[in-house]
Structure formats: C-alpha cells, structure tokens
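Welcome! Take a moment to look over the sequence and the model, and then let us walk through them together.

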Amino acid sequence: MSEKFDVIVVGAGPAGTSCAFNCAKNGLKTLLIERGEYPGSKNVMGGVLYRKQMEDIIPEFWKEAPLERPVVEQRFWMMDKESVVQFGYKGLEWAEEPYNNFTVLRAQFDQWFAKKAVDQGALLINETVVTECIVENGKVVGVRTDRPDGEVFADVVVLADGVNSLLSKQLGFHREFRPDEVALTVMEVINLPKEKINDRFNLEGNHGTTIEIFGDSTQGNLGTAFLYTNKESLNIGVGTTLSSMIKAKLKPYELLDYLKKHPMVRPYLEGGESAEYLAHLIPEGGFHSVPRVAGNGVLVVGDAAQLVNAIHREGSNMAMASGQMAAEAIVEAQKDGDFSERSLNRYKEALFGSFIIKDLEKYKDAAHTFETYPQYFKEYLPMMNKAMSKFFTVDGTSKREKQKEIMRSVTAEKGSFKVMQDIYRAWKAVK
Amino acid sequence: MHIVVCVKQVPDTKIIKINPKTNTLDRRSAPAILNPYDAHAVQEAVKIREKTGGTISVLSMGPPQAVAVIKKSVEIGADQGYLISDRAFAGADTLATSYALAKALEKISRQQPIDLVLCGKHAIDGDTGQVGPGIARRLDIPPITNVIEVSEVNKEDKKVLLKRKQIDGYEVLQSQLPCLLTVEKEINAIEYAPMPNMIKAARYEPVIWSVNDLADVDKTQLGLKGSPTIVGKMFSPPKLEGGKRLEGNPDSQVEQLMEILLERKDLLKVNTANS
C-alpha cells in the first residue's frame, strides 16, 4: 500500500509552497510535488515580490531571502513611437524596513521558499509530474504521478499546478480557457554591471526601480511591458492577451525584439548581455474566470485558480495568500475529520472575503472593455503624447491657446460625445 | 551481498564558467549534481541487488551540502548513505581522497562486510579516474576499470564476471569478490526512479562522520597536507577556428591526413615566430 499523507500539494510555486509551509507548520504530514528540476526552474514572473503577503508567512523574510533590490521607485510610461509620457513615484521610505516590494529572480527565490517549507517538515519531491487526481466515490483521495509505483494518497490534495491547471480541468472545475483569458508574456534577463544600472536609473546602492510601459510597447494591443532592475541585471518583458496576439498576428519574440530596440528603451539596455529568455502564460481572465476552488478532498490555489490582478500586476502575492488560506481551511477540516466540499468551502469563503476576490471583482470588466474598445491603447495614448509635445514646445503660442488647440484636436478627431463616452466607459471599468 | 558505491558531488560542467581573470572555476555559475558516472554506478548496484538481494550503501566525501548526492542515490535505489565531512579533508587531491574514503570503507565494513565497491569511471570536474583504483590499492582488492557490463555475480563462489571496454571491442574477465569496479556510462540507462524511492530520499538523512569518527587515521595523509598534487594553472582552451574536419574510420582519416600533409609541406614547417 502506498503511503498516505495528510496533504499533497501539487506545484512548488508561491501558492503551493505557501500552502505546504503552513500545513507543515501546523503539524500536518505534507508532501509537495514539483515537476521541475527544482522549485523555480519552471516558474516565471516579471519580478516584483510584494512584502505584505510574504511577511504574513515568514516575518522579516528580507533578512535572509535571496532578493534583488527593494523597489523605491515605480514609473509608468505611456509610450508612442518616438516619445513617452511618464509619471511615477519615488520615495526613500520604501528603501527601509518594512519595505514595499522587491525585485526577485524566481529561480533563486522559489528554491529558498521551498527550502523553508522543507524546514517546517514538508517533504519536497522534484522532477515528478502529477498526471491526475485519484477519485474514489466522488472524492479526491490522492494523486497519480508519472513515476513507477506512482500513486500517493492524502486526505486533501491542493492543486497549485499553475495557469493551465490541467488537474482541476480533469475534475471538471473549469473549461479550457479562452485566448482572451490568458496573456502570453516573454521576458529576458539582461546582465549589466551594477554601476551602469545605478547610473542609468538614477539609483543609489541597492535601490531598485520598476517601469510599466503601455502603448507602443505592445504596438497598441491590450497588454503591458515592463523593465525592472535587479542587482546586476535587468528584467525586460512584454505580454498581451493571446487573443490580441492572434488577431494582430504578433509573434511574442518579435514584440520583445521591437521593445528592446525602441528608442525610449534601448539606451537602458545598451551593452547588456542576454542571460536568460523566458516565456509563460498569465491568467488574466480575472473575476469571471475564477473556477470552482473547492471540492471533496481538493482545493485550487494561485494561478490555477486564476488569481491574478493584471491591472496592478499582482499575482504572486495573491498566490501566497490563497495558499495560506487553503492551509488554514485544511487545518480546520482536520480538526473535524471532515474533508468534504462543505467543510473545505471555508477556503472559498476566506478567499471571497479577502482583498483577492474583492480586487478581481473591482476590475472584472476592465480587460473586456479594453479589449473590445482598442482606442484607449491605439488612439488615446498617441494623442496624449502629441498633446504633451505640443504643450511643452515653446513656439510663441500662448498656453491658453495651446490648451484650446489640444482639446480641439482631440474632439475633432473623435467628436466630443465619443470622447465623453470613452472616458465614462474607462472610468466604469476601473472604478 | 553488501555493495558500496562511492559518489561525488560535482559542478555541472556543461554549464560551469571559468573566471577569465583568476582562471578558477566559478562554482556559483553551475548547479551541483551527482557525478553522472557515479549515478550509473548506483544504478548498476540496484540491478545487481535485484538478482542477489542485499544492501546498497553509498559513501561520499564533501561539504555538508553533499548530502544532496546521497539523497539522489537513495532516489535511484540505495538503501543507506554515509558522508564524511570535515575541514581536515578539505583541499584533498586524488591520493588524499582515496585515503580518506578507504578509511571510511574500513569502518563501514566493520559494521557489515563489503562484497563489492563501485565507482564512476571518473568525476567530470577533475577527469582523473584515480580515486577508484587508489581505494582498491589501499583496501588491497583488485581494481577493474572501464566496466561496461556486470554479466554475473556469484555470491557463493565469491566471483564476478565482467566486460571491460577496450579501444577496439571489449575484454571479458572474471574477478574474485570483493573487488572494486569503475563503470562507464554505457553500462546501463538510469531508470526513472519509483515514487516510494523519491519519498524515502526526501526524508532520508545520511550518517555524517567527521575525521574523529574514523579509526587509525594518519592526519598527515588527509586534505591539503596529504596532497602532493599542485595545480599549476587552469584555463579554458581557446576556441579552434578554421581548419577542416576529417571524417571516416581511423584508417581513411590517416590516409586523408597524409594526402594533405604531402600536398601542403608548409604545414610541417616549425613555427618559430612564437617560440
């Protein structure tokens, strides 16, 4: 007879590791199964780790975790072909404890985090693919792996198997996701000496900057690009919804190439050496795409539950928080000895009562709005660039006259009713 | 049947970089792995145990993080593992390493007599292939290198039938047990480890011995002190450019080469410009 655990967690990303950590910490016999060579070997994100949800799991983690730089500046770029409108915030309070967020390299960070779960008593097994859940009498009782004698049993199986979550799909928790519910993101890690990074981004010591780039970075398609500073490298990447990519016949690597050669971006990368190339799907369907997250003997967390807030580029923090909520629900269920859906729905209640589902609900129509009405990225961003150029060019025209001209050119192109309609629609989508 | 496999943790040399300034291996640039030849040695031990029954122990020397290769060996199928880890062992060359490992093997054999010692052909970071034979000499058992097949193991008669790789073909030979074999990669294919092994390995904590746990150790023969080898210089060979690659069997390659040399006598001139 194969061994039986209290909990089996499938996938050692932020969600799975957080769940395994908290289960093991509460004395549950926990098995964490990862398909990669090591945790982090297959995981990708732009690179921002939020302090709050990590700290809830491991207080003062910044004293020992492999972090790149604390982010002291967040910039937003509205980019056109040869211009950019910028705004942002830089504050040195973010350079001190308790910090706001950090840049990280996932291959290192995830390994460290998984090690922490192992220190709590979780068993970690790498290079093993879970092929399906074992279901008996309508209840998940374990998993089947691709290894010989590969069956392992548990009271609860936690699916943290990422964006496609084939395992929860097999259970009928969700259908195949549509191309407009996922974004394809490609990124590169570019090595650059620390002094060059600090000079180019106007940084001191280990301080870091993040830049989110909208507009021409995706050639006007729904999506964003990013440029983040690590200790001695930069993360640069770009993603759009799969549906935009299909519609505009974009190839992801061409998009990244275009971005790297863009005159507004190029000078930052000059002389850098490409170290890594990564690509991944991101669940961006938001609130409407969240699948069933609890069943008899099974819970779904992190990307597998489509918990990503694309507007605020939050994902790993939601993953960690959801993993922790799942662990808390399992601990309670264990006390009752009841692992039915009704009992495990404690997790769903916690999730829906938290910032995670509240935030996803706030933006539930945003992606759809911006995808259906491409004028925001395709027309208004270039208009904004032209307006700024006009306003700040000194040519003897009075400022008041310039303002009138700008307003005239915007409304002349679209008609004032249409502009008002567009503004109202955008406001409604993100209010 | 008690088989002991000696394993080493090495940097993955497919990935590792050499620091061009200091000419030393940048060990941070590559993950540490179980030496691939040693993995085949562990796998061969598993195959032998399937026929003869018994116990497989693995032995390694290295820093505390080298427990990873013992756990990896347990994944493949080893029953137990020992790590000798001590500052006194640091900086050892092949002579000092084989001395330390032989001392540990003596201790293991006092607990359970050893019938067979297996090693990889060589470690991929040093490529010397000296530690295996060094251990055999110290334990006074026959070393048999470049083994590509263990055809038969006879516990009762204490004999083993083997195939050894030669440049052209192979050699069949029989040896007494105990003996020490160093194995080639072609001896077997590493099997996808079963799930119970993975769980056992994840949980397994090897026995760790310091120098004081070993008996009758002459400390002058350990570590840097016991190592007469001096590494003069390390460098990455410059990439060869141009030229022509001769294909075919050795005879036809020699013919082709002779033709070229006879045609281009200038190639035979001694280049004095650099000397």
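## A pair of strands in chain B

Let us begin with one residue pair: V117(B) sits opposite L180(B), which belongs to β12(B). This is a predicted model, and the pair offers a handy way into it. The strands concerned are β8 (residues 116-120) and β12 (residues 179-183) of chain B, which pair in the parallel sense over five bridges.

Helix α4 (residues 131-139) of chain B packs on the sheet here, where it touches β1, β8, β9 (143-154) and β12 of chain B. The direction of helix α4 of chain B makes about 65° with that of β9(B).

## The whole sheet

Stepping back, you can place these strands in an open sheet of nine, with mixed pairing and the order β11-β10-β9-β12-β8-β1-β6-β7-β13 (chain B). At its edges are β11 (170-176) and β13 (207-209) of chain B, each of which pairs on one side only. On average, and ignoring direction, neighbouring strands of this sheet are turned by 30° against each other.

Another helix to look for is α3 (residues 94-111) of chain B, which lies across β1 (2-7), β6 (55-61), β7 (80-84), β8 and β13 of chain B. Helix α3 of chain B runs at about 145° to β6(B).

## Out at the edge

How many of the seven residues of β11(B) are buried? The count is zero, and this strand is hardly covered. Its partner is strand β10 (residues 159-165) of chain B, joined to β11(B) by seven bridges in an antiparallel arrangement.

One of the bridges links K163(B) with V172(B) in β11(B). The hairpin formed by β10(B) and β11(B) has four residues between the strands, and G169(B) in this hairpin takes a positive phi near 95°.

## The nonpolar core

The largest nonpolar core holds 182 residues. Those touching the most other members are I8(A), V10(A), V157(A), V158(A), L299(A), V301(A) and V5(B). Helix α9 (residues 316-336) of chain A gives the most to this core, with 10 residues.

L299(A) makes a good example to explore. Leaving aside its neighbours within four places in sequence, its contacts include V156(A), V158(A), A326(A), A329(A) and Y347(A).

## Chain A and its meeting with chain B

The domain assignment splits chain A into domain 1 (4-67 + 104-176 + 289-353), domain 2 (179-283) and domain 3 (367-430). Between the C-alpha centres of domain 1 and domain 3 of chain A there are 45 Å.

Where the chains meet, nine residues of chain B are in contact with 11 residues of chain A. On the chain B side, eight are nonpolar, none is polar and one is charged.

Key. Residues numbered from 1 in each chain as written. Chains lettered and ligands numbered in written order. Predicted model: local features only at pLDDT ≥ 70, side-chain atom pairs only at ≥ 80, totals over all residues. Core = buried A, V, L, I, M, F, W, Y, C linked by C-beta atoms within 7 Å. Buried ≥ 20, exposed ≤ 12 C-beta atoms within 10 Å, placed from the backbone. Helix = DSSP H or I, 4+ residues; strand = E, 2+ residues; numbered from the N terminus. Contact = placed C-beta atoms within 7 Å. Pairing = 2+ DSSP bridges. Axes fitted to C-alpha atoms, helices over the stretch in contact; angles between N-to-C directions. Nonpolar A, V, L, I, M, F, W, Y, C, P; charged D, E, K, R; others polar. Domains from an automatic or database assignment.
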